[in-house]
Amino acid sequence: FFFFFLMKTFLAKKETVQPKWHLIDAEGVVLGRLAVKAANIIRGRHKASYTPSVDNGDYVVIINAEKVALTGKKEVQNSYMFFSGFVGGESYRKLSEQRERHPEFIIEHAVKGMLPK
């Protein structure tokens with residue numbers, strides 16, 4: 001009956017957080033599912049001591065970025081927009097072209113979109 005007075009809420013502090021390194025293999029994994037997993041590890045959502053206001057996340061290294069899987073027609077339909085800052089400096093690249101040039105950008109872009117500002 002009096003146990004609720006003894007319970008304390010634990011809030012992680014920046015000094016107590018010790019980040020670890022995680023290695024994720026992207027070969028054959030769907031892009032969105034991979035991005036969610038990486039974003040949660042970066043934020044620290046996988047830890048029991050998760051505190052939204054404290055950076056208690058871990059580091060993530062993703063290998064085989066060029067072998068990530070996509071569902072449906074995303075390989076052909078998705079495109080990324082780049083802007084040089086000059087008038088008429090807008091350019092588009094299909095996801096298939098981006099996979100050939102910079103496969104890591106596809107995963108970085110997906111993970112960045114799932115992280116808070």
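The questions and answers below deal with a predicted model.

User: What makes the pair H1 and H4 oblique to each other?

Analyst: The axes of helix H1 (residues 31-43) and helix H4 (residues 103-113) cross at roughly 60°. Angles under 35 degrees count as roughly parallel, and 65 to 115 as roughly perpendicular. The crossing falls in neither range, and H1 and H4 are therefore oblique. The axes come within 8 Å, and the crossing is right-handed.

User: Which residues bring H1 and H4 together?

Analyst: From H1 there are Leu-31, Leu-34, Ala-35, Ala-38, Ala-39 and Ile-42, and they meet Ile-106, Ile-107, Ala-110 and Val-111 in H4. The residues of this contact divide into 10 nonpolar, no polar and no charged.

User: How do you know that the buried residues of H4 are on the same side?

Analyst: The buried residues in H4 are Pro-103, Ile-106, Ile-107, Ala-110 and Val-111. They cover an arc of only 120° around the axis, so they lie on the same side of H4. In general, an α-helix has 3.6 residues a turn, so residues three or four places apart point the same way.

User: What is on the other side of H4, and is it buried or exposed?

Analyst: Glu-108, Lys-112 and Gly-113 are there, and they are exposed.

User: What covers the buried residues of H4?

Analyst: The cover includes H1, S2, strand S3 (79-83) and helix H3 (95-101).

User: Why is Ile-107 called buried?

Analyst: Buried means under 20% relative accessible area. Ile-107 has 5% relative accessibility, so it counts as buried. This residue of helix H4 touches Ala-26, Leu-31, Leu-34, Ile-62 and Ala-65, not counting residues up to four places away in sequence. Its C-alpha atom is separated by 6.7 Å from that of Ala-35, although Ile-107 and Ala-35 are 72 residues apart along the chain.

User: Where is Thr-51 found, and why does it count as buried?

Analyst: Thr-51 is in the loop between H1 and S2. The cut-off for buried is under 20%, and Thr-51 has 5% relative accessibility, so it counts as buried. Leaving aside neighbours within four places in sequence, Thr-51 is in contact with Leu-11, Ala-12 and Asn-56.

User: What makes Arg-43 partly exposed?

Analyst: Partly exposed lies between under 20% and over 50%. Arg-43 is at 27% relative accessibility and therefore counts as partly exposed. Arg-43 lies in helix H1. Apart from neighbours within four places in sequence, Arg-43 is in contact with Tyr-50, Asn-56, Gly-57, Leu-115 and Pro-116. Arg-43 and Asp-55 are 12 residues apart in sequence and 6.8 Å apart in space, C-alpha to C-alpha.

User: Why does Ser-79 count as partly exposed?

Analyst: Exposed means over 50%, and Ser-79 is at 41% relative accessibility, so it counts as partly exposed. Ser-79 is placed in strand S3. Not counting residues up to four places away in sequence, Ser-79 touches Tyr-92, Arg-93, Lys-94 and Leu-95. C-alpha to C-alpha, Ser-79 and Leu-95 are 5.4 Å apart in space, with their places 16 residues apart in sequence.

User: What is the phi of Asn-64?

Analyst: Asn-64 has a positive phi of about 60° although it is not a glycine. Most residues other than glycine have a negative phi. Asn-64 is in the loop between strand S2 (59-63) and helix H2 (74-77).

User: Why is Asn-64 called partly exposed?

Analyst: Buried would require under 20%; Asn-64 has a relative accessible area of 22%, so it is partly exposed.

Technical notes
Residues are numbered from 1 along each chain as its sequence is written. This is a predicted model: local features need pLDDT of at least 70, side-chain atom pairs count only at pLDDT 80 or more; totals for chains, interfaces and linings use all residues. Side-chain values use heavy atoms; hydrogens and water are left out. Axes are lines fitted to C-alpha atoms, for helices over the stretch in contact, and angles run from 0 to 180 degrees between N-to-C directions. Helices (H or I, at least four residues) and strands (E, at least two) are DSSP runs, numbered from the N terminus. Angles under 35 degrees count as roughly parallel, over 145 as roughly antiparallel, 65 to 115 as roughly perpendicular and the rest as oblique. A crossing is left-handed if the near helix is turned anticlockwise from the far one by less than a right angle, and right-handed if clockwise. Contact means heavy atoms within 4.5 Å. Ala, Val, Leu, Ile, Met, Phe, Trp, Tyr, Cys and Pro count as nonpolar, Asp, Glu, Lys and Arg as charged, and the others, Gly among them, as polar. Buried means under 20% relative accessible area, exposed over 50%, partly exposed in between (1.4 Å probe, protein chains only). The arc is that of the directions from the helix axis to the C-beta atoms.
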